[in-house]
Structure formats: C-alpha cells, structure tokens
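Reader: Could you walk me through this one before I set anything up? I'd like to begin with the surface and then move inward.

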Amino acid sequence: MAEHLSQSELDYPFKLLEYFNGFRVSKVIFSACELGVFDLLLRSQEPLSAQHIARELSTSVDGMERLLDALVGIEILEVETTDGTALYSSTDVANLYLAKGSGKSLHDMIIYQSQTIYPLWNNMVDAVREGKNQNEKTFGLPPEDIFQAIYRSEEEKLKFMGLMNSSWVLDGHDIVTAFNLSCFQEIVDLGGCTGALAREMAKAYPSSSVTVFDLPQIVETAQKHFSQENNTVVFQSGDFFSGEIPPADLYVLARIIHDWPEEKCLTLLRKIYDTCKPGGGVLLVEAMLFENRRGPVMAQIFSLNMLVQAEGRERPPSEYIRILNKTGFHNVQVCRTGKSYDAILAIR
C-alpha cells in the first residue's frame, strides 16, 4: 500500500484524510441505526423529509438533516428534491443490512460495535503500550476474565449474542460449505452461542445431527431470544474448558481460538483430540492473516480488537497448522472464503 500511495499522497493526502475520518463515517452509520432511521425508512412507502423523520424519531430537525445528508454522501441513502423539499429514501443495501426487519440485518452487529467496541478502541494506545485488554479501563472490570466483561449484564449479553448471530447470518453458509462435511454424522459447535452457524450447518447437511454446546446462561438466552421454528439443532449446556465435552465426529470452533493465548488454545484442542472419534476432526473458523503480514486489513483490525478486548490474536494459516499438529491433528486443509471469515479443517 505504501508504494501505491507514496507519489499521489505527496501531492495531497486524500487517502490519509479518508482514513483519518473513518471513525466519523462509522459513527454516522452507528447513530442512524441507534436512532432507528433505517427502520423508519423501510416501513415508509414513500421518501420522507428530514422534518418528518425528526418528528417520528424525536430528534432535532437540523441534526437529522445533517445526518441524512452524510448518509447520502456515503451512498447509504438517496435524496430527491420535490418543490424545494429534500426527500430521503433507503437504498437496497440499507434495507437489506441496516434495518432490523431484514432477514440479513446487521443491526445487532452495528449496535455492539457502537456501544461496546467503540469505547474499547478509545483506549487502543494503552492496549498497545501495556499489551493487554482494556476492559478494566473501559468498563471497570478485571482484564483476566474477558467473558465477565462481555456478559457483564443481560443487556450486554444480548448485544454480544446479536453480534454473533449477525455474523453467521452473513457468513455462515460460506463457512459450512467451505469443505464437504457430509461424512461427519455428529457435529458439535463448541461455543455456538445463538445457534446461527449450527442452523446453517444443519441446512447444508440434513443427515447430520448438530449440537450447540455453550454455557448454561447462553443456552437459556439463545432458546429464549433466538429460537426458530422447525429448528433441528440441539442445545447442550456445559463449559468446554472446565468440564467434559460431548463426543462427536466433528467439532466446530468458530471465533473461539482467536480469543485466547496459545497455551489455553492448546489445552482445548488436546481435549477435543482426546474426545473426538477416530477419523473425526475439528473445523476452525477465523479471519486468517496473510503469511507476508500484508493483510487482509480486516483480519489485522480484528487482531487489534483481540488485543483491546480479549487475550488472543488472529493468525496466519501456518500458525493454525502448527498448533493443530502440536495437539495431534493432521491432514490440515485451509480455505479462504474471500469474505470476513475463513475455514481450517483438521482430521484426528
């Protein structure tokens, strides 16, 4: 990137200025989601004025008009002027991903980014300086127990589970079809949260049984708030670090390994290896770094997020292969999906 930017940026730093303002662009989208702008526009059968939107959402007209114009500027909303009045409407992208009512809504992900991740990133300098998460400085909670911070209230737990649900509604199908997993009859998604990824697994492999294994309070909340009709996924309570895990042909660890330091990952993978049926395997789902350290940018940003919020990191394929081989797994296959998350399959 430095080579590409060097000459043009010396004349005028367009790209740098775009990067500097990235947090403001994020906050424009976050604020519109929190205020309910996209939900209101989706329900409306016609474009609406700033005055109308402000009245419905109990905001100032001036503030709403500025927010709507910024959303037009980043091409999330559209505007047309009729008889001197600006009328705003949603784009198809906004309706699909930003309104609560859509089946592919990322609304919960955005709320979590705005209300939890954003405050943590305000302390990134300290995270880099100290080499540890900033849960204590941000939320007043000890850095040692990362999930005490993540589940610090019922509201926060629901936000986090909504984030995970959104992730797999978006990326789940690509993950479960990255490899042909039809040979695995019993599949257990360890730390499967709401069951969104497990449901994608069950849809792709209807002859397999799929179980979500997670902490008791997560299983209870998942069944209460995220259940679906005709759901074939089974939920089972437990703690995969301190307790036993159910026997299976395939274990799924989706966005689990990146939370923890290597020794804790090795302990969990050894437990899986010892419990896994012969010929079975483990499927890791993570955002993989490039071996040359040049990207992907999203995975590098995720790795910084693991620094500021958790105890782990993102890794390149060679690191996953090394820790899998170290715990007994072999025949490791890697699939880059080209999207947010990638898949690594290893056999016992």
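Author: This is a predicted model, and its chain exposes about 17300 Å², of which carbon and sulfur atoms supply 52%.

Reader: And what share of the residues is buried?

Author: Of the 348 residues in the chain, 48% are buried.

Reader: How does the radius of gyration sit against a compact globule?

Author: The chain has a radius of gyration of 22 Å, which agrees with a compact globule, because one with 348 residues would be near 20 Å. Along the principal axes, the C-alpha trace spans about 70 × 55 × 40 Å.

Reader: How many helices and strands are there?

Author: There are 17 helices and 10 strands in the chain. As for contacts between residues at least 6 apart in sequence, 66% of these join residues at least 24 apart.

Reader: Switching to electrostatics, how far apart are the mean positions of the positive and negative charges?

Author: They are 5 Å apart, with 31 positive and 46 negative charges in the chain.

Reader: Now the annotation: where does UniProt place the active site?

Author: The UniProt record, an unreviewed entry, places the feature "active site" at His-258. His-258 lies in the loop between strand S7 (250-254) and helix H15 (262-275).

Reader: Is His-258 buried or exposed?

Author: His-258 counts as buried, because its relative accessibility is 4% and the cut-off for buried is under 20%.

Reader: Which residues does His-258 touch, leaving out those up to four places away in sequence?

Author: With those left out, His-258 touches Glu-286, Met-306, Gly-312, Arg-313, Glu-314 and Arg-315.

Definitions and conventions: Residues numbered from 1 in each chain as written. Predicted model: local features only at pLDDT ≥ 70, side-chain atom pairs only at ≥ 80, totals over all residues. Heavy atoms only, no water. UniProt positions renumbered as here; feature names shortened; annotations may be inferred. Helix = DSSP H or I, 4+ residues; strand = E, 2+ residues; numbered from the N terminus. Buried < 20%, exposed > 50% of the residue type's maximum accessible area, 1.4 Å probe, protein only. Contact = heavy atoms within 4.5 Å. Rg over C-alpha atoms; globule rule 2.2 N^0.38 Å. Areas by Shrake-Rupley, 256 points an atom, 1.4 Å probe, with all protein chains shown as cover. Lys, Arg positive; Asp, Glu negative; His and termini not counted. Charge placed at Lys NZ, Arg CZ, Asp CG, Glu CD.
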